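Subject: Handing over a structure

Hello,

I am passing a structure on to you, with some notes on what turned up in it. Please open it alongside this message and follow along.

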Amino acid sequence: MSEPSGPQQPADPLSGLAAHYPLSPEDPVRIGDYWLDSRLTATRAGMAFSAHEDDSDSVMVILLNAGAASDAAARARFSGEVNAMHIDTVVARGGEGQDDGRMGVRFRDESDDPIVAEHQPLAPWVAMAFDGTLRAVGEAERVLHAVDLELTAPLGKPSGPDYKLHWSDRTEHGTTRLWPLPWPGRSDRAGWISMLVSWLLMLLIAAVAVLLAILVFQNQPPVSPPPPIPSDGSGDPQSGEPTSGEPTEGESQSASPEESSGNEPPPSDDPSMMQPSGDESGPGDPSPNKKL
């Protein structure tokens, strides 16, 4: 066998492919507009994920933990590292305090999502171009270590007790928001087909509810309104008794005012006109008995 003519160049250990780890139940399903696929690396300051946007290439998303996201100095160090990157490296960024600086043009606002006053601000995150190599994962670790200061050289000679960041024990994920919500048990986006199906399902349920209400109440007997309550001094309208102030049936057959106005004299209140004078007897009186 012939030996190689020249010396072999050592292989770059960072040129290999990055290791992907499965997501845990505590990991968010989506960060911003990116759906998470796998874990890449993690430090005390945050975690890096492999993610993708709808119909786009894979990216690497770095999300700060709850401890770093709650510290203004940590957020400022993270923002400074992102602003120092090349513009082609930063695909998108978001979260609290990430809308300024040289890379502010990559900021994606999520203010159109429903927000409750009790919700915490979104944790800072950045989506970087990802080629699947260990070098890209090493860049994520460099950014995270710049936030947690674990690999930062001290400015002077160390003395005194050990220094520890007050938030270093809060390693849970920072606040994220998922909207619109996916189907239960699914980790993909609820697209327009899913939204249309949900609306049609809601209309079907409403139509079935209306139909059941009609079937339940259509055989109910009609209910007559209650009889009117008679006023004071009036008779019962159903019994036929006249109310006060109304003429009776006999009075309605009496002469009209026109017939009684011209022929008969008006009645007088003088009692002498109603009694006979002397031997005269009044009309209708019996004749006197002469034998008495």
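How much space lies in the largest pocket? The answer is about 440 Å³. Please keep in mind that you are looking at a predicted model. The pocket is lined by 17 residues, and those closest to its centre are L149, E150, D162, Y163 and K164. Sorted by class, the lining has eight nonpolar residues, five charged ones and four polar ones.

There is enclosed space as well. The count gives one cavity of 30 Å³ or more, and about 40 Å³ of space lies in the largest cavity. Its lining is made up of I31, G32, E110, L122, A123, W125, T175, T176 and R177. Four of these lining residues are nonpolar, three are polar and two are charged.

W125, from that cavity lining, is a good residue to look at next. The structure holds one aromatic pair, and W125 forms it with Y34. The two rings sit edge-to-face, with 6.2 Å from centre to centre and 70° between the planes. Y34 belongs to strand β2 (residues 34-42) and W125 to strand β6 (residues 125-129), so the pair ties together parts that are 91 residues apart in sequence. Are these two residues buried or exposed? Both Y34 and W125 are buried.

Now for the charged side chains. As a reminder, side chains of opposite charge can pair when their charged atoms come close. How many salt bridges are there? The count comes to eight, and here are three of them to find on your screen.

- E53 and R108: the closest N and O atoms of this salt bridge are 3.0 Å apart. It links distant parts of the chain, with E53 in the loop between β3 (46-52) and β4 (58-64) and R108 in the loop between β5 (90-94) and β6, 55 residues apart. E53 is partly exposed, at a relative accessible area of 22%, and R108 is also partly exposed, at 26%. This pair belongs to a network of salt bridges that links D33, E53 and R108.

- R75 and E96: these side chains meet in a salt bridge at 3.8 Å, N to O. R75 lies in helix α2 (residues 72-83) and E96 in the loop between β5 and β6, so the pair ties together parts that are 21 residues apart in sequence. Why does R75 count as buried? Its relative accessibility is 16%, and buried means under 20%. E96, at 29% relative accessibility, counts as partly exposed.

- E139 and R142: here the N to O distance of the salt bridge is 2.7 Å. Both residues lie in helix α3 (residues 134-148), three residues apart, which is about one turn of the helix. E139 counts as partly exposed with 27% relative accessibility, and R142 is partly exposed with a relative accessible area of 38%.

One last stop, further along the chain. Which residues does UniProt give for the feature "transmembrane region"? The unreviewed entry places it at residues 196-217. In the model, the chain over residues 196-217 is 100% helix and 0% strand. The end C-alpha atoms of that stretch are 32 Å apart.

Enjoy exploring it, and write back with any questions.

Best wishes

Note on methods:
Residues numbered from 1 in each chain as written. Predicted model: local features only at pLDDT ≥ 70, side-chain atom pairs only at ≥ 80, totals over all residues. Heavy atoms only, no water. 1 Å grid on protein atoms, 1.4 Å probe; cavity = no way out; pocket = protein on both sides within 12 Å on 5 of 7 lines; lining within 4 Å. Points joined across faces, edges and corners; volume = space filled by probe spheres on them. Nonpolar A, V, L, I, M, F, W, Y, C, P; charged D, E, K, R; others polar. Phe/Tyr/Trp six-rings, centres within 6.5 Å; stacked < 30°, edge-to-face > 60°. Helix = DSSP H or I, 4+ residues; strand = E, 2+ residues; numbered from the N terminus. Buried < 20%, exposed > 50% of the residue type's maximum accessible area, 1.4 Å probe, protein only. Salt bridge = Lys/Arg side-chain N within 4 Å of Asp/Glu carboxyl O. UniProt positions renumbered as here; feature names shortened; annotations may be inferred.
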